[in-house]
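I opened a new page for this structure today. My plan was to look at its core first and its strands after that.

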Amino acid sequence: MLRANRLFEAIHGLVLLDNEAAKFNGPQDNLPTPYHPTTQTEVAVTYASSRWVSYVELGWEASEGTAVSRILTGRVLDLEEQTYFSIKSCFGNLLEICDDTSAKAFEALRAEKTEAATKANRDPGAANCAAEMARSSHAPTFFLYLTQAVLAIHDTAFTFSAVRFCALARNRINPAIIPYRDLAPFMKPGPLKDELLAAEK
């Protein structure tokens, strides 16, 4: 826990530095921009073991007028290496989806799980999000995080009116969830894959 807390503190420190840097327009005038409050809708640890901890952070930062900047983050802390990373489809620490064939297969798997969850859903709010996803003309964009039994794939491509309840909150439709046994063909060999597959048994 001590190592995990140190990494959390380091990440929080980087966020504070980014926020301070964003308060200035540029090196020529150094004039502070107006303060924009940040609202967190959820911060949760979603996976924890002796080596890895995964967490999700959702929220938004108010901008000019009615505009908002979304905060959609999923990270994994490696307590042994004292590093952290985001899960990427390619050139990352977990997945190896680096060509069109594997990308299409992964997208088909995600769509299959989303469709199954939509059919089984009894939550009206989540149903509205499913309808919004079906109507959307935007290409899906995601961030990913670990849970104890599944990989969570959180869709962020929602229109402004649906962002708060569909992108900035988790429900039975979003994220899509893929059991690690189904994800195995897309995972890189290594200790993280071994741990996730063993944890699901």
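My entries on the core and the strands follow.

**Entry: the core.** I worked from a predicted model. I looked up the largest nonpolar core and found 22 residues in it. Which members touch the most others? I noted Ile87, Leu95, Leu146, Leu151 and Leu183. Then I checked which elements give two or more residues to this core. They are α2 (100-120), β5 (142-146), β6 (150-155), β7 (176-179), α5 (180-183) and α6 (191-200).

**Entry: Ile87.** I left aside its neighbours within four places in sequence. Ile87 is then in contact with Val76, Leu94, Leu95, Leu144, Tyr145, Leu146 and Leu151.

**Entry: another core.** I also found a core of 12 residues that lies apart from the largest one. Met133, Phe158, Val163 and Ile173 are among its residues.

**Entry: β6.** How many of the residues of β6 are buried? I got 6 of the 6, so the strand is largely enclosed by the rest of the structure. I went through its two faces next. Val150, Ala152 and His154 are buried on one side, and Leu151, Ile153 and Asp155 are buried on the other. This fits a general pattern: in a regular strand, side chains alternate between the two faces of the sheet.

**Entry: partners of β6.** I looked up β5 and found it antiparallel to β6, joined by 5 bridges. The two strands form a hairpin, with 3 residues between them. Phe142 stands opposite Asp155 of β6. I then turned to β7, which pairs with β6 in the antiparallel sense over 4 bridges. Here Ala152 stands opposite Ile177 of β7.

Note on methods
Residues are numbered from 1 along each chain as its sequence is written. This is a predicted model: local features need pLDDT of at least 70, side-chain atom pairs count only at pLDDT 80 or more; totals for chains, interfaces and linings use all residues. Side-chain values use heavy atoms; hydrogens and water are left out. A nonpolar core is a set of buried Ala, Val, Leu, Ile, Met, Phe, Trp, Tyr and Cys residues joined through side-chain atoms within 4.5 Å. Buried means under 20% relative accessible area, exposed over 50%, partly exposed in between (1.4 Å probe, protein chains only). Contact means heavy atoms within 4.5 Å. Two strands pair if DSSP finds at least two bridges between them.
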